[in-house]
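These exercises ask the reader to move between a sequence and a three-dimensional model. Please attempt each task before reading its solution.

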Amino acid sequence: MNLKNKVAVITGASRGIGRGIALELSNAGASVVINYVSNEKMAEEVVKEITALGRSAIAIKADVSDFQQAKELMEKSKQHYGKIDILINNAGVSHNGLFMDMDIINIKKILDTDVLGIMNTTHAVMNEMIYRKSGIIVNISSIWGNCGASCEAVYSGAKSAVNGFTKALAKELGPSNIRVNAIAPGVIDTEMNGWLSEEEKAELMEDIPLGRFGTTKDIANAVLFLCSDYANYISGQIITVDGAMI
Ligand code: NAP
């Protein structure tokens, strides 16, 4: 799969799934923008890892939940690389706990990052994609957006919104030759699941027919496919990558 001469912006790429996507897309030839919100050191390490392999990458700090910062992220990316071909909306936060115990600050943080964040970045990039009649957007959703999870009600609601937004935007932007899809990962081995005890992890694994947590590469491979020409006629889809968990 060849992404030579393509420019990809990946939100939340300082670690976890976003980092995995950045490595995979750059390995396929794309120049990548590593967005982060607080972990500058980790973001710069991802840049170093990619440039050491002879590919191009830059790190840009921006809180995607802020409309202006999302806009500046796209402007700076365009200033540096001249264009944006691919947007991967990966940045996200989660919270595990009963809905009745959540306060409005917590609720807003999830909605602002996981829902508004995707809308902010997409809004900031789509004019250029429409003008060029070309673009690829991949949103990182979650299986919980498909089926709902107890103790993750707000997160499930946020990811359902991501799914709806993805399907609607695919219809709106299809005539401009822009494909919009989402990946719904199952349980992936990242810091987001760092709160799970070994016992809880073992229990969770029993619910996964393929018998293991997903890796960031499992998700990155699916994203790479969606960004490639092999997926030229795929748009408006939510593709589940969960080892048959749901
Ligand atoms: P993670 O390891 O916690 O990493 C989160 C990334 O998002 C970091 O790079 C972080 O940047 C960035 N980020 C957070 N808030 C941001 C903001 N407001 N603006 C810009 N960047 C922000 O998470 P992950 O497990 O890789 O998850 C990535 C995505 O996959 C999320 O959308 C998540 O909901 C989804 N997902 C994960 C799983 C899973 O099991 N891990 C399953 C399904 C879906 P800093 O490093 O600077 O903080």
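**Exercise 1.** State how many nonpolar, polar and charged residues the lining of the second largest pocket has.

*Solution.* The lining of the second largest pocket has four nonpolar, six polar and four charged residues. Here Ala, Val, Leu, Ile, Met, Phe, Trp, Tyr, Cys and Pro count as nonpolar, Asp, Glu, Lys and Arg as charged, and the others, Gly among them, as polar. A pocket is an open set of 1 Å grid points where a 1.4 Å probe fits, with protein on both sides within 12 Å along at least five of seven lines; lining residues have an atom within 4 Å of a point.

The model is predicted, and local features need pLDDT of at least 70, side-chain atom pairs pLDDT 80 or more, while totals for chains, interfaces and linings use all residues. Residues are numbered from 1 along each chain, and side-chain values use heavy atoms, without hydrogens and water.

**Exercise 2.** Describe the lining of the largest pocket, and then identify the residues closest to the centre of the second largest pocket.

*Solution.* Step 1: the largest pocket is lined by 48 residues, and Gly92, Val93, Ser94, Thr190 and Met192 lie nearest its centre. Step 2: at least two lining residues come from each of helix 1, strand 2, helix 4 (104-132), helix 5 (143-147), helix 6 (153-173) and helix 7 (198-205). Helices (H or I, at least four residues) and strands (E, at least two) are DSSP runs. Step 3: by class, this lining has 19 nonpolar, 20 polar and nine charged residues. Step 4: the second largest pocket is lined by 14 residues, and Lys6, Ser134, Ile136, Asp229 and Asn232 are the closest to its centre.

**Exercise 3.** Determine which residues of the largest nonpolar core touch the most other members, and which elements supply this core.

*Solution.* Step 1: the largest nonpolar core (buried Ala, Val, Leu, Ile, Met, Phe, Trp, Tyr and Cys residues joined through side-chain atoms within 4.5 Å) has 33 residues, of which Leu25 and Ile88 touch the most other members. Step 2: the elements that each supply at least two residues include strand 1 (7-10), helix 1 (16-27), strand 4 (86-89) and helix 8 (216-227). Step 3: helix 8 gives the most, with seven residues. Step 4: beyond four places in sequence, Leu25 touches (heavy atoms within 4.5 Å) Leu3, Ala8, Ile10, Ala30, Val32, Ile88, Leu224 and Cys227. Step 5: another core, of 25 residues, lies apart; Ile60, Ala62, Ile84 and Val162 are among its members.

**Exercise 4.** Establish whether Asp85 is buried or exposed, and list the polar contacts of its side chain.

*Solution.* Step 1: Asp85 is found in the loop between helix 3 (67-81) and strand 4. Step 2: Asp85 has a relative accessible area of 6%, so this residue is buried (under 20%; exposed is over 50%, partly exposed in between, with a 1.4 Å probe and protein chains only). Step 3: the Asp85 side chain makes polar contacts (N or O atoms within 3.5 Å, one able to donate a hydrogen and the other to accept it) with the side chains of Lys83 at 3.1 Å and Arg132 at 2.8 Å.

**Exercise 5.** Which residues does Val47 touch, and which does Thr166?

*Solution.* Step 1: Val47 belongs to helix 2 and is buried, at 9% relative accessible area. Step 2: leaving out residues up to four places away, Val47 touches Ile34, Ala57, Ile58 and Ala59. Step 3: the C-alpha atoms of Val47 and Ala57 are separated by 5.4 Å, although these residues are 10 apart along the chain. Step 4: Thr166, in helix 6, counts as buried because its relative accessibility is 0%. Step 5: beyond four places in sequence, Thr166 contacts Asn139, Val180, Asn181, Ala182, Gly236, Gln237 and Ile238.
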